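Colleague: I have the model open and would like to go through how its descriptions were reached. Could you take my questions one at a time?

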Amino acid sequence: MREIKTVTILGANGAMGSGSAGVIAAFGGAKVHMLARDVEKAKQGIEAAVASVKTDTIRARMIPGSYDADLEKAVAESDWVFELVAESYEVKEPINTRIAKARRPGTIVSTVSSGLSIGRLAKAYDEDGQKHYYGTHFFNPPYKMILCELVTHSGNDKKVTQALGEYLDKVLGRAVVYTNDTPAFAGNRIGFQLMNEVAHFAEKYADKGGIALLDEIMSGYTGRAMGPLATADFVGLDVHKAIVDNIYDNTKDEAHETFKLPGYFQKLIDAGKLGMKSGGGLTKVVKHADGKREKFVYNIKTGEYDPYPKFDIPFIKEARQKIKESDYKGAMDVVKKASGFEADIARYFISRYISYSLSLVGEVVDTKENTDGAMGFGFNWVPASAFVDFLGGPKETIKLMEASKIPVPKLLKDAKDGKKFYELGEKLDARSLFKG
Amino acid sequence: MSEKVFVLGGEQTDFQRNWTKEGKTFMSMMREVLDDALEKVGISYDEIKRLNKENRVAVFVGNFDAEQYANQGHLGAFLTEVNPALFGVPGARYEAACASGSVALDAAITHIRAEDYDLAIVLGVEVMKTVSSSVGGDFLGTAAYYDKEAKGVQFPFPKLFGKLADVILERYELKEERFMDALAEISRINYANAKRNPKAQTRTWFMNKEHAMARGGDNNMAVGGRLCITDCSQVTDGAAVTILASKDYTKAYAKKTGRKFDDIPRIKGWGHRVAPITFEAKKLESVGDKYILPWTRQTVKDAYKRADLDVKNIDVFETHDCFTSSEYAAISAFGISEPGKEHIAIEDGTIDFGGKKPINPSGGLIGVGHPVGASGVRMMLDLYKQVTNTAGDYQVKGAKNGLMLNIGGSATTNFVFILGK
């Protein structure tokens, strides 16, 4: 296993920078150079790191510094340089040029990028530097969300990758998912496909309940704690746009058209309504004079905010009750047999999610356990393979896909019935991700 | 005794789960854990139906306080909601505070020893994340003498076990620094062990010796005298099942499942003693005794005697580390060290995962989590895993005999079981 005693964090004052630094200083016991634009910001990052992992013991080994004054010296003595500055080539590339000049041979350099090309970013380095350059895509907040997508590119050395993977897993306690250098990697590619296509359906069904209706149809009984559109509102519509635009521009798969940003998302972004972080987006919460909070939802047709509706959809109620009683297969039977357009939508998206997840094996990841891990640990969504089991196995799942006119991935066609399809069960109990 | 009751295996829930957040209840927890346990052991609901026709199967539910946490009593009857195959199967709930799982095990063992049943399903269950920690702390106070020791006291149990730490320090005239260091090491070991256990509550939590030593402040608050957060186990939601069987049934089961009869572990010994309920009475009674918890020691001795074994024969221990001070006192109660010299066994690595007498390879209550009524059953399940060489990453090499100590209240109800081949 690789020994990492000294680490430099670039972007130490951001949520991801401070959170990741906390994990590295605590679990890894490393000395951490916390670099930001100025020392004051770096000091704030140290306090945020301490608060994130709740241990004062790391404070003494975190050293504040600035890019201007301290970058070269910190990088020169580091075993790992973890760059978490803004998500653009324009910001990352000049910093990489500086790191490349200062790093010692053998030092790992990685970026937290959720979508940029790791191969392109690696080009700032000499051969040794390229060999040691990775994407280490942590999720927010890093202490709680243990997924790390370890993104490799063609210049990496398998031995270094293995040693880094072991360090991230055994020392830092990350659930490591190995992905290839493809747009948005595994988690976001799958997650944002579903979120964006659900957003299109919300527009199509704007008269019937729009955003709120689609989140209801895709609620906890379909294996997630938060509806897909609530998730988009939570991460921010600007971030959502950046991710789906990147995938749309740089991929050409069967789901290509579903990555087009819906017009009403752009309208909201243009109006500065970016989601929860800006006080409103797809939904907003208003605090009344008496202290009571009321939730509203954006009406795609009128552009106004309406009171958040309640729905009474019998099959969802029935499925939810089954989940509440831990009868997961029973809940999926309800979904399979239900009639009405809402049930058709539910079946369509369950099929789409499984199909798209499994179709990326071979291109984005080498095995389905990697996409399963990405969705389970990174999004808290029931992994696709586990869904296959809850639906009654590959044959039943294929039937569902065919009825919804969703392509059947080869992996599923080749799978044997009567054998568990989900293989991460000992690490992640998929049942815990259904919400009743 | 040692040829009468066999353990066929079982399963536990992931103690990291919060069932209320998942929109699920104690009942869904019972369903999942029982389905999983039966699948793992290889016993079907049809087999239970068959046994029930002849009145040869029973269920024993360990639970402390479902009335307060879940507004539900009569849990012994609740397995009929889990599966209709359990209609008519004798079932009852057993309660002895944090030793509820053990009293359920004790009842099951007794019935099988008496040849009343062939198969006993023991299910420990507790849902605790339904209320805030301060409300839950008050509920837990009913495991002490509530009026005298818990009424109006915030978090009474850390305070009672903080008093145990005080008495240990005074009686044995230990250096405070060395003693507190030993308690921190207990904490470190349990958290480190839990990292290898995929069902442990704390498997992703940060903890090391440095943090355990840094007592005080917002990040490691004092909660009971000398004891801080890192000295405490934390409550959680969880359930565990172990399935016990008679000798004849075990023989037939071994044949049917292709296992070797000799590889299936048996209950070799047990002990059950109740100490005075208040901590003050315990303290007064033990003045002049070598052991601060003499009834805990006696329970261990009873189990050794019944098993015709001694500490030298035990390869692995699961103990009730509700607090670091309770594990500390257990070390001499097991006979691993002389009373007053427990710190040496901690310092020299004897109780560590790779040590001569490893304690809590699972992570114990501090690492695995403490769903009160399930803990005793979970300990038995962990002993089963250890002695059958199926504990995966937390397997103690070559373990043949294991001993568990499960206590209710401030070491009031003491239960010990020895499992081995």
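Colleague: What makes the lining of the largest cavity count as 8 nonpolar, 2 polar and 1 charged residues?

Modeller: Happy to start there, with the reminder that this is a predicted model. The residues in that lining are Ile168(B), Tyr172(B), Tyr291(B), Ile292(B), Leu293(B), Thr296(B), Tyr328(B), Ala329(B), Ser332(B), Ala333(B) and Glu342(B). Ala, Leu, Ile and Tyr count as nonpolar and Glu as charged, while Thr and Ser fall among the others, so they are polar. That gives the split of 8 nonpolar, 2 polar and 1 charged.

Colleague: Which element supplies the largest share of that lining?

Modeller: Helix H14 (residues 324-333) of chain B does, with 4 residues.

Colleague: Why is this space called a cavity, and what is its volume?

Modeller: The name applies because a 1.4 Å probe fits there but cannot get out. The volume of the largest cavity is about 70 Å³. The structure holds 3 cavities of 30 Å³ or more.

Colleague: And what makes the other kind of space a pocket?

Modeller: A pocket is an open set of points, with protein on both sides within 12 Å along at least five of seven lines. The second largest pocket contains about 1000 Å³ of space. Its lining has 36 residues, and the closest to its centre are Phe390(A), Lys420(A), Arg431(A), Asp36(B) and Glu39(B).

Colleague: Which elements each give at least two residues to the lining of the second largest pocket?

Modeller: From chain A they are helix H14 (328-337) and helix H17 (384-390), and from chain B strand S1 (5-12) and helix H1 (26-41). H1(B) has the largest share, with 6 residues. By class, the lining of this pocket divides into 21 charged, 8 nonpolar and 7 polar residues.

Colleague: Turning to chain A, how do you know that its fold is compact?

Modeller: Chain A has 19 helices and 11 strands. Its radius of gyration is 22 Å, close to the 22 Å that the globule rule gives for 436 residues, so chain A is as compact as a globular protein of that length. Along the principal axes, its C-alpha atoms fill a box of roughly 65 × 60 × 40 Å. Buried residues come to 58% of the 436 in chain A.

Colleague: What about chain B: which value is set against the rule there?

Modeller: For 421 residues a compact globule would have a radius of gyration near 22 Å, and the 20 Å of chain B agrees with that. The C-alpha trace of chain B spans about 60 × 45 × 40 Å, and 64% of the residues in this chain are buried. Its secondary structure consists of 17 helices and 11 strands.

Colleague: How do you know that the length of helix H15 of chain A agrees with its number of residues?

Modeller: Helix H15 (residues 341-359) of chain A has 19 residues, which at 1.5 Å a residue should span 27 Å; the end C-alpha atoms are 26 Å apart, so the two agree.

Colleague: And why is H15(A) described as mostly covered?

Modeller: A residue is buried when its relative accessible area is under 20%. In H15(A), 16 of the 19 residues are buried, hence the description.

Colleague: Last one: where do the annotated domains of chain B lie?

Modeller: The unreviewed UniProt entry places "Thiolase N-terminal" at residues 5-201 of chain B. That stretch is 49% helix and 13% strand, with its end C-alpha atoms 30 Å apart. According to the unreviewed UniProt entry, "Thiolase C-terminal" covers residues 296-421 of chain B. Residues 296-421 are 37% helix and 15% strand, and their end C-alpha atoms lie 25 Å apart.

Note on methods: Residues numbered from 1 in each chain as written. Chains lettered and ligands numbered in written order. Predicted model: local features only at pLDDT ≥ 70, side-chain atom pairs only at ≥ 80, totals over all residues. Heavy atoms only, no water. 1 Å grid on protein atoms, 1.4 Å probe; cavity = no way out; pocket = protein on both sides within 12 Å on 5 of 7 lines; lining within 4 Å. Points joined across faces, edges and corners; volume = space filled by probe spheres on them. UniProt positions renumbered as here; feature names shortened; annotations may be inferred. Expected span 1.5 Å × (residues − 1). Buried < 20%, exposed > 50% of the residue type's maximum accessible area, 1.4 Å probe, protein only. Rg over C-alpha atoms; globule rule 2.2 N^0.38 Å.
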